2 protein chains.
Amino acid sequence: MSTEKVFAALGDETRLELVRRLTVGGPQRTLDLVAGLEMSRQAATKHLEILEGAGLVKSEKSGREVLRSLDPEALDAAASWLAKRAMEWDDRLDRLKMMLESD
Amino acid sequence: MSTEKVFAALGDETRLELVRRLTVGGPQRTLDLVAGLEMSRQAATKHLEILEGAGLVKSEKSGREVLRSLDPEALDAAASWLAKRAMEWDDRLDRLKMMLESD
DNA sequence: ATATTATGCAATCAAGAGGTTGCATATGGA
DNA sequence: TCCATATGCAACCTCTTGATTGCATAATAT
């Protein structure tokens, strides 16, 4: 579950839309997810496999159907990565500000 | 500052490394940032421009040098996006769990 | 003034990403 | 059983991305 893979998976408008749909609509089949998107089922499948490869989506087979759902852990991990950097940077700016004020 | 652009910008190992270096080392010139990375200066410049296009990095010209630094706002925005989805999904799982337990 | 340093611009190239189509497979319903 | 449905697999194509090289420009140092 590399940070790079997670961000790369989310760096595509189609896949962001799929994540939104999974967030709102819960576990769904490929055909449900692709409905309304202007692309073939196979294109959507590839996107879902990329999201799965990044750990963002899990799939469960049920008969001839495959239900995909979001896995919040990878989302949390990516959010932490970002938050850590934002925090460290804010600290740096604060220290800089204090140094300037002490003159 | 689109969500997609931010994630796409972070979805590359080289650019993640540049963000790490900017987090730790503060504002730096292109040549400082590329030092140790096995790539040309121009390659690094392109990566930095992508980060800048996503709003993650700001650049300030000083004489013949260009100093690049992190902009924490975009990092915060992306972290919020992820946190929101993780939260919504956790709520969904909780509701599902309660429904199952009430049987 | 001249040389050095830091960067920008442009052409070029190989590899990968995103998409399509056609066919194969397997499950569910009539 | 027979047909419709949901998906997987694979070949193929185009456009984008990441990277390189060579040259131009502008600021600093000697």
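Colleague: By class, how many residues in the lining of the second largest pocket are nonpolar, polar and charged?

Modeller: In this predicted model, the lining of the second largest pocket has seven nonpolar residues, one polar residue and four charged ones. Ala, Val, Leu, Ile, Met, Phe, Trp, Tyr, Cys and Pro count as nonpolar, Asp, Glu, Lys and Arg as charged, and the others, Gly among them, as polar. The lining includes Trp89(A), Met99(A) and Pro27(B), which are therefore put in the nonpolar class, and it also includes Arg92(A), Lys58(B) and Asp71(B), which are therefore put in the charged class.

Colleague: Before we go on, what are the conventions on numbering and confidence?

Modeller: Residues are numbered from 1 along each chain as its sequence is written, while chains are lettered from A and ligands numbered from 1 in the order in which they are written. Local features need pLDDT of at least 70 and side-chain atom pairs count only at pLDDT 80 or more, whereas totals for chains, interfaces and linings use all residues, and side-chain values use heavy atoms, with hydrogens and water left out.

Colleague: Which elements give two or more residues to the lining of the second largest pocket?

Modeller: They are helix 5 (72–101) of chain A and strand 2 of chain B, helices (H or I, at least four residues) and strands (E, at least two) being DSSP runs numbered from the N terminus. Helix 5 of chain A gives the most, with six residues.

Colleague: What makes the space lined by Pro27(A), Trp89(B) and others a pocket, and how much space lies in it?

Modeller: On a 1 Å grid over the protein atoms alone, with a 1.4 Å probe, a pocket is an open set of points with protein on both sides within 12 Å along at least five of seven lines, and lining residues have an atom within 4 Å of a point. The largest pocket is lined by 13 residues, of which Pro27(A), Ser69(A), Trp89(B), Leu93(B) and Leu96(B) lie nearest its centre, and about 270 Å³ of space lies in it. Helix 5 (72–101) of chain B provides the largest share of that lining, six residues, and by class the lining has seven nonpolar, two polar and four charged residues.

Colleague: Which residues come nearest to DNA strand D?

Modeller: Arg29(A), Arg41(A), Ser40(B), Lys46(B) and His47(B) come nearest, out of 21 residues around DNA strand D, where a residue is near if one of its heavy atoms lies within 4 Å of the strand. Of the strand's atoms within 4 Å of the protein, 59% belong to sugar or phosphate and the rest to bases. Helix 4 of chain B supplies the largest share of this surface, five residues, and the residues of the surface divide into five nonpolar, seven polar and nine charged.

Colleague: Why is the pair formed by Arg29(A) and a phosphate oxygen of DNA strand D called a polar contact?

Modeller: A polar side-chain atom of Arg29(A) lies 2.8 Å from that phosphate oxygen, and a polar contact is a pair of N or O atoms within 3.5 Å, so the pair qualifies. Arg64(A) reaches a base oxygen of DNA strand D at 3.0 Å, and a base nitrogen of that strand is 3.2 Å from an N or O atom in the side chain of Arg64(B).

Colleague: What polar contacts does DNA strand C have with Arg15(A), Arg41(B) and Arg64(B)?

Modeller: A polar side-chain atom of Arg15(A) lies 3.2 Å from a phosphate oxygen of DNA strand C, while base oxygens of DNA strand C are 2.9 Å from a side-chain N or O atom of Arg41(B) and 2.7 Å from one of Arg64(B). For DNA strand C, helix 4 of chain A gives the largest share of the nearby surface, five residues.

Colleague: How many residues of chain A and chain B are in contact, and what area do the chains bury?

Modeller: With contact meaning heavy atoms within 4.5 Å, 34 residues of chain A are in contact with 34 of chain B. Buried area is the accessible area (1.4 Å probe) that two parts lose on being put together, summed over both, and here chain A and chain B bury about 2800 Å² between them, 71% of it on carbon and sulfur atoms. In chain A, Thr23(A), Leu82(A) and Trp89(A) lose the most area to chain B, together 23% of what that side buries.

Conventions
Polar contact = N/O pair within 3.5 Å; in protein donor to acceptor, adjacent residues only side chain to side chain. Points joined across faces, edges and corners; volume = space filled by probe spheres on them.
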